[in-house]
Amino acid sequence: MVTKLGVIGCGAIGRDHIRRITEVLTNGEVVACADIFAENGKKVAEQYGIRFYQDGMDLIQDPEVEAVVVCSNDDSHAKFVLASIAAGKQVLCEKPLGTSAEECRTIVDAEMAAGKRLIQVGFMRHYDRGYVALKKAIESGAIGAPLMIHACHRNMSHVPSHTSDMTIKNSGIHEIDVLRWLLDEDYASGQVLTVKQNRNAAAGLLDPQIMLLETKSGVRIDVEVNMSSGYGYDIQCEVVGEKGTIRLPDPSTIHMRANCQSSYEIYSDWSQRFIEAYDTEFREWVDSIQKDGPHGPSAWDGFLACVTADTLIKARNEKRILPITVPERPAFYK
Ligand code: ISE
């Protein structure tokens with residue numbers, strides 16, 4: 001069975017998903033794409049022989065489009081997700097689900113009113129082999145209860161439009177989500193430390209930043225979010241337990257010894273580092289919506305990630321530790 005998909009947003013991630021659905025998936029097919037930048041969107045539509053819409057709202061109404069993939073600018077996610085729910089269509093939305101916790105709450109309420117799960121959030125790390133193995137190892141009890149996590153999220157460099165808030169809400173949001181998933185518990189409080197400025201970062205950009213989180217049971221987490229590593233895209237995570245530690249493996253690239261040196265490649269960006277995770281995420285998402293609905297990261301997960309990100313940004317701006325207040329999980333998401 002093949003599901004007909006429409007992709008909103010033909011930037012880097014949108015184009016990569018169209019390529020993936022076309023070249024890697026056997027259970028999905030892209031029939032339309034949309035982009036506010038018509039020249040770029042039309043080029044992509046021509047390349048893949050699909051319909052083009054300048055307005056994503058028109059793509060959602062296309063009767064041939066059975067499910068929607070939202071990859072547009074972060075501030076347009078919520079309106080496209082809400083329109084997809086209103087049209088009764090399944091939607092995979094790139095992170096963040098919305099620009100604020102309030103926006104995400106509106107989505108959660110609309111999905112619950114629709115009476116069935118229609119949304120999956122693009123937290124693809126849930127499908128990364130390394131993170132899956134890490135979660136299994138934690139759950140096996142081999143290191144006892146987790147006590148601390150040390151993590152880092154390093155981008156080689158940042159685009160000129162990157163802001164200090166995006167470091168948390170667009171990049172650090174992956175750790176906010178995936179560490180909660182690994183530990184299977186919610187956060188209780190958070191804080192952000194700023195660091196001596198990297199001179200390679202744009203003037204005025206707070207870079208790097210350190211997110212500090214404490215979970216309800218008292219696990220302490222530190223995450224370096226660095227937009228100007230200068231050497232590559234590097235994702236690290238170490239879980240320290242009562243009787244051992246577990247580390248997220250590096251992606252498997254060859255290990256070379258030559259010229260009196262031992263080396264292995266570090267990827268330059270997220271699209272290579274998580275290529276396999278994205279493939280699995282899409283394959284499983286399409287498979288699930290052909291059956292009983294999505295099983296991956298839910299609108300509730302997207303909402304909690306935004307509650308946490310909003311609190312961390314406020315905590316950073318006010319230079320203090322703030323409680324992270326999460327409402328009780330509705331039965332719909334249990
Ligand atoms: C980028 O926008 C992404 O979505 C990547 O997943 C993330 O790791 C990176 O930091 C962001 O800049």
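**Note on the predicted model: ligand site, backbone and contacts**

1. Start at the ligand. A polar side-chain atom of Tyr 233 sits 2.5 Å from one of the ligand's oxygen atoms. The protein covers much of this molecule: alone, the ligand exposes 300 Å², and 84% of that is buried by the protein. Please keep in mind that this is a predicted model.

2. Two further side chains approach ligand oxygen. For His 174, a polar side-chain atom is 2.8 Å from an oxygen atom of the ligand. For Asn 155, an N or O atom of the side chain is also 2.8 Å from a ligand oxygen. Each of these pairs counts as a polar contact because the cut-off is 3.5 Å.

3. Which residues surround the ligand? They are Lys 95, His 153, Asn 155, Asn 170, Ser 171, His 174, Tyr 233 and Trp 270. By class, this shell holds five polar residues, two nonpolar ones and one charged one. Tyr 233 and Trp 270 are both in the shell, and Tyr and Trp count as nonpolar under the classes used here. So the Tyr 233 contact in point 1 comes from a residue classed as nonpolar, although the atom involved is polar.

4. Where does the ligand sit? The space it takes is the largest pocket.

5. Check the backbone at Lys 95. This residue belongs to the ligand shell, and its peptide bond to Pro 96 is cis, with omega near -10 degrees. Pro 96 is in the loop that runs between strand S5 (90-93) and helix H5 (101-114).

6. A cis bond is also found between Asp 207 and Pro 208, where omega is about -5 degrees. Pro 208 is placed in the loop between strand S8 (187-194) and strand S9 (209-215). Both bonds deserve a look, because most peptide bonds are trans.

7. Asn 259 is worth a look too. Its phi is near 50 degrees, a positive value in a residue that is not glycine. Most residues other than glycine have a negative phi. Asn 259 lies in the loop between strand S13 (255-258) and strand S14 (261-264).

8. How many salt bridges are there? The count is 21. One example joins the side chains of Asp 16 and Arg 19, at 3.1 Å from N to O. Both residues belong to helix H1 (residues 12-23). They are three residues apart, about one turn of the helix.

9. Finally, consider Ser 271, which is part of helix H9 (residues 270-273). Its side chain makes a polar contact of 2.7 Å with the side chain of Asp 269. Ser 271 is also 7.8 Å from Ile 13, C-alpha to C-alpha, although 258 residues separate the two in sequence.

Conventions:
Residues numbered from 1 in each chain as written. Predicted model: local features only at pLDDT ≥ 70, side-chain atom pairs only at ≥ 80, totals over all residues. Heavy atoms only, no water. Near = heavy atom within 4 Å. Polar contact = N/O pair within 3.5 Å; in protein donor to acceptor, adjacent residues only side chain to side chain. Areas by Shrake-Rupley, 256 points an atom, 1.4 Å probe, with all protein chains shown as cover. 1 Å grid on protein atoms, 1.4 Å probe; cavity = no way out; pocket = protein on both sides within 12 Å on 5 of 7 lines; lining within 4 Å. Sits in = over half its atoms within 2 Å of the grid points. Salt bridge = Lys/Arg side-chain N within 4 Å of Asp/Glu carboxyl O. Helix = DSSP H or I, 4+ residues; strand = E, 2+ residues; numbered from the N terminus.
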